Amino acid sequence: MNRYKYLLKNIGLLTLSNFATKLLSFFLVPLYTNVLTTAEYGTYDLFNTTIGVLLPILTLNIQDAVMRFSMDARYSKKAIVTVATKYLLISNLLVSGILVCNYVIDFSAVVKQFSFYFFLMFLAQSLSGIITMYARGIDKISDLSVSSVISSAITIFLNIIFLIVFHFGLPGYFLANIIGPIFQCLYLIIKAHVIQDIEWDGNFSNEEKILTKYSVPLISNSIAWWVNNASDRYIVVFFCGLAENGIYSVATKIPSILNIFQVIFNQAWSLSAVRDFDPDDRDGFFANTYRAYNCGMVILCSIIISSDKLLAKFLYAKDFYIAWKYVPWLTIAILFGAISGYVGGFFTAVKDSKIFAKSTIYGAVTNIVLNLILTPIIGVLGASVATAISYFEVWALRYWYSKRYIRIKINLARDLISYAFLVIQASALLLESIDKSIFICETFISVVIVILYWNDIIAIFGKFKDSVHRKAIKK
């Protein structure tokens, strides 16, 4: 199958599963911010954040190895599934032990109060991580798409029932966001014949060593990404309080518009990068896709920043409205997370998991240092600025390291200028006293960014037009 066709096919299928469902979740933000208090939302976010760091440590990040090696026909599916199931069970037993210890010594009153939901969240996320990665690895993208729609539909429906009809509050929010992913896992387990591939009496020690050799270096990468994504939550709680963390968490909902595109593309791209890797990029496939991806993400990022206050008035109720201040910087962070994820596909292709870790660790250290400096001075805004800077650093390092493996031609000077314009937009938005003038300025900068990428926009539409024309001729 043609490289572009394969990539576009997977983007199409993943769009089906991600775009509509994530958009529906996005529009439910007003429900959450009206029904839950800032402290309740902050509690859920803190649980989710804590599980995010426990997962790679307790599972040895086995899900990344599951995807990469299930794409390689030389490795047995039975071995991959059995090894992954072993680490799934061990990790959940360890979490159970931790929760029992906390119940006895009462280290955390909040965890003790909601320990049942904490365990179910960990179970759902650990199972989902392995099953969805396996489905991607064995090219069950259409089944993955259907399962995501099922999961999101159930999650949204249960949120409405539990929060509005039964008024369950925070426990209802926990349950709705646990049950949906569990149904997705059950669907994929059936479709991918996972149960049939588990062999408890099989000897897969060699395969286990190979999988863990690849996955263990990625633990530090996952933890470093967690630091970039989530450590600021703890620093915000420490310096600003749990309610401010709830507001900060809600601030991520508008940037999630950009994150939808990032998730869809990077999921599809990770498959193409492995399947079609070419160190010399002889036909320009990698350079062309990078330019198109970067162009689209930068323009969308600029539009979201320009529209930030309008979206906030629609989405953020009551005390949550102030979250608009943090949106631009978190949106810029997602942009750099997206393009660093693109470059990361090269390291997946050559199975160099150490580069992943090295670049992300540097970014994580920068994030923590800047958070500790900026948050006490400018509050939650400092945390969001620190996140944006650390993501930029990860992208810059990965782009530099990628030159060892592949040569792609991009207009780096133009890209850096456009990134500078985004920072100007984000900074200008904070000048609240001159709202009308700022909106004109924001719109003007968005137009300038479009002009900077005009040649890339023309090239993208040209390729699309040629593709449609070729299809018409064949018919």
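## A pocket and two helix pairs

In this predicted model, the lining of the second largest pocket comprises 11 nonpolar and four polar residues, with no charged residues. That pocket holds about 360 Å³ of space, and among the 15 residues that line it, Phe47, Thr50, Ser108, Val111 and Phe118 lie nearest its centre. Helices α3 (38-58), α5 (77-105) and α6 (109-113) each supply at least two residues of this lining, and α3 gives the most, with five residues.

Two helix pairs can be set side by side, since two packed helices are described by the angle between their axes and the distance between the axes.

| Helix pair | Angle between axes | Distance between axes |
|---|---|---|
| α8 (residues 141-165) and α9 (residues 170-191) | about 155° | 8 Å |
| α17 (residues 327-349) and α20 (residues 412-428) | roughly 160° | within 9 Å |

Because angles over 145 degrees count as roughly antiparallel, α8 and α9 are roughly antiparallel to each other. Helix α8 passes α9 in a right-handed crossing, and the residues of their contact divide into 15 nonpolar, nine polar and two charged.

For the other pair, the axes cross at roughly 160°, which makes α17 roughly antiparallel to α20. Helix α17 passes α20 in a right-handed crossing. On the α17 side, Pro328, Trp329, Ile332, Leu335, Phe336 and Ile339 take part, and they meet Tyr419, Leu422, Val423, Ala426 and Ser427 in α20. By class, the residues of this contact of α17 with α20 are 10 nonpolar and one polar, with no charged residues.

Technical notes
Residues are numbered from 1 along each chain as its sequence is written. This is a predicted model: local features need pLDDT of at least 70, side-chain atom pairs count only at pLDDT 80 or more; totals for chains, interfaces and linings use all residues. Side-chain values use heavy atoms; hydrogens and water are left out. Axes are lines fitted to C-alpha atoms, for helices over the stretch in contact, and angles run from 0 to 180 degrees between N-to-C directions. Helices (H or I, at least four residues) and strands (E, at least two) are DSSP runs, numbered from the N terminus. Angles under 35 degrees count as roughly parallel, over 145 as roughly antiparallel, 65 to 115 as roughly perpendicular and the rest as oblique. A crossing is left-handed if the near helix is turned anticlockwise from the far one by less than a right angle, and right-handed if clockwise. Ala, Val, Leu, Ile, Met, Phe, Trp, Tyr, Cys and Pro count as nonpolar, Asp, Glu, Lys and Arg as charged, and the others, Gly among them, as polar. On a 1 Å grid over the protein atoms alone, a cavity is a set of points where a 1.4 Å probe fits but cannot get out, and a pocket is an open set with protein on both sides within 12 Å along at least five of seven lines; lining residues have an atom within 4 Å of a point. Grid points are joined across faces, edges and corners, and a volume is the space filled by probe spheres set on the points. Contact means heavy atoms within 4.5 Å.
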